[in-house]
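Student: Could you please take me on a close look at one part of this structure, the packing of its aromatic side chains, and then show me what surrounds that part?

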2 protein chains.
Amino acid sequence: MSFLNLLDKACDNNNSLLCVGLDIDLSKLPQNVRSEEEGIFEFNRNIIDLTRDYVCAYKPNIAFYEMYGIAGMKALIKTIEYIPEDIPVIMDAKRGDIGHTAKAYAKSVFEVFNADAVTVNPYLGYDSLEPFIDYKDKGIFVLCLTSNKGSSDFQTASGEEIPLYRHVAEHVNEWNTFGNCGLVVGATNSEMLKEIRIVAGDMPILIPGVGAQGGDLESSVKFGTTKNKNRAIINSSRGIIYAEDPGAEAKRLRDEINRYR
Amino acid sequence: MSFLNLLDKACDNNNSLLCVGLDIDLSKLPQNVRSEEEGIFEFNRNIIDLTRDYVCAYKPNIAFYEMYGIAGMKALIKTIEYIPEDIPVIMDAKRGDIGHTAKAYAKSVFEVFNADAVTVNPYLGYDSLEPFIDYKDKGIFVLCLTSNKGSSDFQTASGEEIPLYRHVAEHVNEWNTFGNCGLVVGATNSEMLKEIRIVAGDMPILIPGVGAQGGDLESSVKFGTTKNKNRAIINSSRGIIYAEDPGAEAKRLRDEINRYR
């Protein structure tokens, strides 16, 4: 099944545009575990058990696992294995390299970690993304506009006729010949999100930044979705996984998102 | 000791601007080993033993290790431990993410893998690089102009008053308040390398692309170095590590580079 079908089905099954970001932090993990590996995995297993009926995707960011070395990488592999097959896993890796190296990263993400989709960085251009796109049944989310302050350094830099983020959106739309590409657009600039959705057509847009980063939820849903009110993947990480009751918070956020659809 | 001191000393000790890229490939590794982990490490150990008198740095690209999962990551850690302390290790990781995630990547590269320097991607702007730069004794090489075809998609895209790669070079020069930043500039465009060296002042420039990718060695050395004829780090990966005699090839390439200094 293609990534897009998997995503659409998960959205329908759980009536949800919510993606939960599995960005673990050892200082907040259970203390009574035998090892870091077990601690990380048990934490994630609990989150997945509590939230699996309310999400359209999970998004582990590999940085938080790599930070714990071998134990973290093992826990990440176990976590992805544990996620139900009908919920897609978007590996947030923001990879970008050339030639053989891009191929190695694609192999790692899709064959070692078995993710269903990945985030990638466009700076090195088409041939750096091609080895990922060649996995036709996987999803490739290209960074377009991020939610941080530094997005103004290059992505939205003034003085250019067409800003970089728009160039990226237009190029990815052209490169999407297999229908497996998407964009990453932070929730913090709703006008630009609106503009990008027009360029992106029916491509899925992964939208981080609604919780801790202060993005507006209503406009993210309104401007991020397609005419069919889907294909926006609204991510929340810390807001859910460190909530007192992650299941209740996931349900609440899913329902709030649905009110704006 | 700061990265720049470590680099300058290694350049002096071995009279070399040559960096060897440790981009392993299992299909070319020794067959009579007990495990992938051992195979990768033994391959690298042999390369390091043969080339350590001819290099100013080693550059493992993490993609080629991640591709082999846990075994690859373990072999990478062992490889970095094995590299002599007076030769800097540049982890080619091309990382780029925001906030907590950028911090996690920096911690991974500098504290888990114990690299002396890292390559990073500028797309997300200053705050995505800051957690790396905050490690004042480590080297931070920011992607500026790459040697692949796709570099024309965004980095050198025409139609803009100032191309993106130049914006990046100028910004990194401003951001280099701790003196620990550098740039990555592919060897395939010598005119642009010349222009970037002027912007970069005395910053080190990591120059991949001279071997398999067809960059011109003479102009890379001539235009990539400073007035003191150093601070250019000329990388060769497959050209050396898969040579029949990697030591002889490293010595030959080091000496050829020195003829152009």
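Tutor: Phe132(B) is buried, because its relative accessibility is 0% and the limit for a buried residue is under 20%. Please keep in mind that the model is predicted. Phe132(B) will return below as a partner in a ring pair, but the rings as a group come first.

Over all chains, the count is 14 aromatic pairs. In one of them, the ring centres of Phe110(A) and Tyr135(A) are 4.9 Å apart and the planes meet at 50°, so this pair is tilted. The partners come from distant parts of the chain, with their positions 25 residues apart: Phe110(A) belongs to helix H5 (residues 99-112) of chain A, while Tyr135(A) belongs to the loop between helix H6 (126-133) and strand E5 (139-145) of chain A. Phe110(A) counts as buried because its relative accessibility is 3%. Tyr135(A), at 22% relative accessibility, is instead partly exposed.

In chain B, Phe110(B) pairs with Phe132(B), the residue with which this answer began; the pair is edge-to-face, with 6.4 Å from centre to centre and 80° between the planes. Phe110(B) is part of helix H5 (residues 99-112) of chain B and Phe132(B) is part of helix H6 (residues 126-133) of chain B, so the pair ties together parts that are 22 residues apart in sequence. Phe110(B) is buried, with a relative accessibility of 3%. As a general point, a pair of aromatic rings is described by the distance of the centres and the angle of the planes. In chain A, ring pairs join Phe110(A), Phe132(A) and Tyr135(A) into a cluster.

Rings can also have a charge over them. The charged end of Arg45(A) sits over the ring of Tyr82(A), 5.9 Å from the centre of that ring. In chain B, Lys136(B) lies over the face of Phe178(B), and the distance to the ring centre is 4.5 Å.

Let us return to the helix that carries Phe110(A). H5(A) consists of 14 residues and reaches 19 Å from its first C-alpha to its last, which is close to the 20 Å expected at 1.5 Å a residue. Besides Phe110(A), the buried residues of H5(A) include Thr101(A), Ala102(A), Tyr105(A) and Val109(A). Within chain A, the buried residues of H5(A) pack against strand E3 (90-95), strand E4 (117-120), H6 and E5; from chain B, they pack against helix H3 (63-66) and strand E3 (90-95). After H5(A) comes Asn114(A), whose phi is positive, near 60°.

Since the packing of this helix involves both chains, the contact between the chains deserves attention. In this contact, 56 residues of chain B meet 56 residues of chain A. The two chains bury about 4,700 Å² between them, and 60% of this area is on carbon and sulfur atoms. Glu66(B), Tyr123(B) and Phe154(B) supply 19% of the area that chain B buries against chain A, more than any other three residues. A further residue that touches the other chain is Ser151(B), in the loop between strand E5 (139-145) and helix H7 (164-175) of chain B. Leaving out residues up to four places away in sequence, Ser151(B) touches Leu124(A) as well as Thr146(B) and Thr156(B). Its relative accessibility is 11%, so Ser151(B) counts as buried.

A polar residue can be examined in the same manner. Thr119(B) belongs to strand E4 (residues 117-120) of chain B, and its relative accessibility of 1% is the reason why Thr119(B) counts as buried. The side chains of Thr119(B) and Asp92(B) are joined by a polar contact of 2.6 Å. Not counting neighbours within four places in sequence, the residues in contact with Thr119(B) include Ile90(B), Lys94(B), Phe141(B), Val184(B) and Leu206(B).

Finally, two loop residues of chain A may be set beside Asn114(A), whose phi is positive. Asn15(A) is in the loop between helix H1 (3-13) and strand E1 (18-21) of chain A; its phi is near 45°, a positive value in a residue other than glycine. Asn15(A) is partly exposed, with a relative accessible area of 44%. Lys229(A) is in the loop between helix H9 (217-224) and strand E8 (232-236) of chain A, and its phi is near 60°, again a positive value in a residue other than glycine. Lys229(A) counts as partly exposed, because its relative accessibility is 36%.

Terms used: Residues are numbered from 1 along each chain as its sequence is written. Chains are lettered from A and ligands numbered from 1 in the order in which they are written. This is a predicted model: local features need pLDDT of at least 70, side-chain atom pairs count only at pLDDT 80 or more; totals for chains, interfaces and linings use all residues. Side-chain values use heavy atoms; hydrogens and water are left out. Rings of Phe, Tyr and Trp (its six-membered ring) pair if their centres lie within 6.5 Å; planes under 30 degrees apart count as stacked, over 60 as edge-to-face and the rest as tilted. Helices (H or I, at least four residues) and strands (E, at least two) are DSSP runs, numbered from the N terminus. Buried means under 20% relative accessible area, exposed over 50%, partly exposed in between (1.4 Å probe, protein chains only). A charge sits over a ring if NZ of Lys or CZ of Arg is within 6 Å of the ring centre and within 35 degrees of the ring normal. A polar contact is a pair of N or O atoms within 3.5 Å; within protein, one must be able to donate a hydrogen and the other to accept it, and residues adjacent in sequence count only if both atoms are side-chain atoms. Contact means heavy atoms within 4.5 Å. The expected span of a helix is 1.5 Å times one less than its number of residues. Buried area is the accessible area (1.4 Å probe) that two parts lose on being put together, summed over both.
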